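Please look through the sequence and the fold together before reading on. The paragraphs below are meant to be followed with the model in view.

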Amino acid sequence: MIKVLVNGYLGRMGSEVVRAVCSNVDMELAGGVEPSAVNKDVIFNGEAIAPAFTDLGVALDATCPDVVVDFTIPRAVEANIYTCIAAGVSIVVGTTGLKPQQLAAIAEQIPAGMTVFVAPNFTTGAVLMMEFSKLAARFFDDAEVLEFHHNRKLDAPSGTALSTARAIADARVKAGIVAGAPGKETESAGNEGARGANVEGVPVHAIRSNGFVASQEVIFGSPGQTLTIRHDSIDRSSYMPGVMLAIRSVASGTRSGLIVGLENLMEF
């Protein structure tokens with residue numbers, strides 16, 4: 001039985017993780033962490049099923065989980081990871097916002113036998129979209145990324161969009177392709193930002209509006225043709241198979257150190 005501690009259990013994603021853990025016979029909810037928690041217990045379907053905490057360190061000491069799942073906020077996630085490192089407890093991170101240099105520093109601190117798994121997106125469809133984009137990048141001159149999320153999302157661009165743009169840029173370099181698109185120099189005065197963020201030569205546009213959960217389009221263009229690769233998450237339950245896969249992989253003890261990306265757990 002895998003004991004799972006959910007950090008951010010009252011959030012939109014955290015509550016889905018609680019539901020998914022409770023639905024899998026090989027997992028047990030060890031507890032939930034939320035700074036604003038007012039109850040002493042995690043309530044699921046009207047019943048108290050596990051203790052609730054306001055502090056991650058206290059929760060780790062009290063519950064001794066096998067894996068922590070973190071869906072919190074960008075400004076807190078780095079400290080949460082270091083708290084788990086200090087306790088020697090592996091963590092699955094779905095909170096976005098960590099920069100490459102932060103991940104590099106984290107990797108140096110992970111003790112032997114522990115895993116820090118970070119994924120910009122846990123939907124298998126989004127991972128496939130990124131893999132398809134890496135393939136398409138070798139055959140098209142231009143590429144742009146458009147990502148759509150609900151207006152309460154705390155980071156822009158999304159981690160998925162940034163990872164996709166960097167993967168496209170890397171694929172171009174490996175293929176010896178020098179490509180790009182008109183950038184900031186084409187923006188008219190007073191309309192700065194019209195071309196989006198330039199991520200390693202790939203324009204990235206972030207749309208925030210009610211009605212979206214998470215969607216992304218990657219549009220490729222070359223003379224006489226365009227190719228659009230799109231993925232839509234219409235419900236947060238779409239993330240749960242990927243989260244469960246990560247929990248089981250981390251808990252198995254067959255991997256250690258820093259792992260970034262669900263594609264590392266999927267067989268292509």
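What follows turns to a sheet, then to the helices that lie across it, and then to a pair of packed helices.

The model shown here is predicted, and a convenient place to begin is its open sheet of five strands, which are arranged in the order S9-S10-S8-S11-S12 with mixed pairing. Strand S9 (197–199) and strand S12 (225–233) form the edges, each of them pairing on one side only, and neighbouring strands of the sheet are turned against each other by 20 degrees on average, direction ignored. Within this sheet, strand S8 (residues 142–149) and strand S10 (residues 202–208) run parallel and are joined by five bridges; phenylalanine 148 stands opposite isoleucine 207 in S10.

Two helices can be located by the strands that they cover. Helix H5 (residues 124–136) lies across strand S11 (214–222) and S12, and runs at about 165 degrees to S12, whereas helix H6 (residues 159–174) lies across S8, S9, S10 and S11, running at about 170 degrees to S8.

Two packed helices are described by the angle between their axes and the distance between the axes. For helix H1 (residues 12–22) and helix H7 (residues 240–252), the axes come within 10 Å and cross at roughly 65 degrees; because angles of 65 to 115 degrees count as roughly perpendicular, H1 and H7 are described as roughly perpendicular to each other. Their crossing is right-handed. On the H1 side, Met13, Glu16, Val17, Ala20 and Val21 meet Met240, Val243, Met244 and Ile247 of H7, and by class this contact has eight nonpolar residues, one charged residue and no polar ones.

Note on methods:
Residues numbered from 1 in each chain as written. Predicted model: local features only at pLDDT ≥ 70, side-chain atom pairs only at ≥ 80, totals over all residues. Heavy atoms only, no water. Axes fitted to C-alpha atoms, helices over the stretch in contact; angles between N-to-C directions. Helix = DSSP H or I, 4+ residues; strand = E, 2+ residues; numbered from the N terminus. Parallel < 35°, antiparallel > 145°, perpendicular 65-115°, else oblique. Left-handed = near helix turned anticlockwise from the far one by under 90°. Contact = heavy atoms within 4.5 Å. Nonpolar A, V, L, I, M, F, W, Y, C, P; charged D, E, K, R; others polar. Pairing = 2+ DSSP bridges.
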